[in-house]
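Me: I am new to this structure and would like to learn how to read it, one feature at a time. Could you take me through it slowly?

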Amino acid sequence: MTKELWHLGDQYAGQTIDPATCDPDPFVEVRRWLASAVAHPVPQANAMTVATIDERGRPAARVVLLKEIDAEGFVFYTNYDSRKGHDLAAHPLAALVFWWEPLHRQVRIEGTIEKVEAQMSDEYFASRPRGSQIGAIASPQSQVIESRTALEAMVAKVERTHGDAALPRPSYWGGYRVVPDTIELWQGQQSRLHDRVVYRRAGIHDAWTRERIAP
Ligand SMILES: Cc1cc2nc3c(=O)[nH]c(=O)nc-3n(C[C@H](O)[C@H](O)[C@H](O)COP(=O)(O)O)c2cc1C
């Protein structure tokens, strides 16, 4: 057995966090933490792992980009017919994880998931570079394709079909919003004695509680 990974990266330290001094609203804290990660700068601070479960209860996780924190939750965009899209149709539940290594901070978010309003997806799609729009239309995300050449042919077909005209958002592409019931802020500290503050609420109209949990 090789032991080269045994001593990799386990010394952390940061500003102490405590439930007593955290904002009662976890959205305020997550926005603050995200802003400091962006300012640091942590590369791609909005990249997060999103975990889903399929119809048989098998978990899968992948990285996507957080595009908005609105009043209800955390929004990312993807293909609704992708593997994650099928998972979310079977189980509308998701978990998100951010890891901001330079700050020794992790944020975990769990909750139910819903598609964002069509108009919101339309607006975001329209704001994307044309190349990304074409890619989103052309790519049957998560399906087996024969080759890169086959993918390029799908892109060329979309380009031919639409010419220079504005590209409408396809019905199979849009946003999801994770509406959280649990949010954990994790601040690495020395000797594994990390700070963990977990916020929970029973339903979206209930107040958030916050507690310290053991590292
Ligand atoms: C840094 C990074 C950002 C990504 N952002 C997105 C994204 O915002 N939306 C998306 O659909 N896929 C994104 N991907 C690709 C996904 O990780 C994944 O390959 C894709 O969504 C298909 O996942 P699925 O087959 O589980 O549905 C990103 C990948 C990386 C590494």
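Me: Which residue of β6 does F98 stand opposite?

Reply: In this predicted model, F98 has V107 of β6 across from it, and W99 stands opposite Q106, which also belongs to β6. These pairs sit within the pairing of β5 and β6 (residues 105-115), two strands that run antiparallel and are joined by eight bridges.

Me: What should I look for in the hairpin of β5 and β6?

Reply: A useful habit is to check the backbone angles, since most residues other than glycine have a negative phi, and most peptide bonds are trans. In this hairpin, where four residues lie between the strands, H104 takes a positive phi near 55°.

Me: Which strands does the pairing reach on either side of that hairpin?

Reply: On the side of β5 (residues 93-100), three bridges join that strand to β1 (residues 47-53), and the two run antiparallel; here A51 has A95 of β5 as its bridge partner. On the side of β6, the pairing with β7 (residues 173-187) is again in the antiparallel sense and extends over eleven bridges, with I109 standing opposite I183 in β7.

Me: Where else do backbone angles deserve attention, for instance at P41 and Q44?

Reply: Both P41 and Q44 are found in the loop between α1 and β1, where α1 covers residues 26-39. The peptide bond from H40 to P41 is cis, with omega near -5°, while Q44, a residue other than glycine, has a positive phi near 45°.

Me: How should I read the meeting of α4 and α5?

Reply: The general idea is that two packed helices are described by the angle between their axes and the distance between the axes. For α4 (residues 130-138) and α5 (residues 148-162), the axes come within 9 Å and cross at roughly 115°, which means that α4 is roughly perpendicular to α5. The crossing in which α4 passes α5 is right-handed.

Me: Which residues make the contact, and how do they divide by type?

Reply: From α4 the contact takes I134, G135, I137 and A138, and from α5 it takes M154, V155, V158 and E159. Sorted by type, the residues of this contact are six nonpolar, one polar and one charged.

Me: How many residues surround the ligand, and which are the closest?

Reply: To read such a shell, one may begin with its members and then ask which elements supply them. Here 16 residues surround the ligand, and the closest are T78, S82, R83, K84 and S142. The elements that give two or more residues to this shell are β2 (59-65), β4 (74-79) and α2 (83-90), and β2 gives the most, with five residues. By type, the shell around the ligand divides into seven nonpolar, six polar and three charged residues.

Me: How many helices and strands does the protein chain have, and in what order do the elements run?

Reply: The protein chain has five helices and nine strands, and from the N terminus on its elements run α-β-β-β-β-α-β-β-α-α-α-β-β-β. To place all this in space, the C-alpha trace of the protein chain can be followed along its principal axes, where it spans about 60 × 50 × 40 Å.

Methods: Residues numbered from 1 in each chain as written. Predicted model: local features only at pLDDT ≥ 70, side-chain atom pairs only at ≥ 80, totals over all residues. Near = placed C-beta within 6 Å. Nonpolar A, V, L, I, M, F, W, Y, C, P; charged D, E, K, R; others polar. Axes fitted to C-alpha atoms, helices over the stretch in contact; angles between N-to-C directions. Parallel < 35°, antiparallel > 145°, perpendicular 65-115°, else oblique. Left-handed = near helix turned anticlockwise from the far one by under 90°. Contact = placed C-beta atoms within 7 Å. Pairing = 2+ DSSP bridges.
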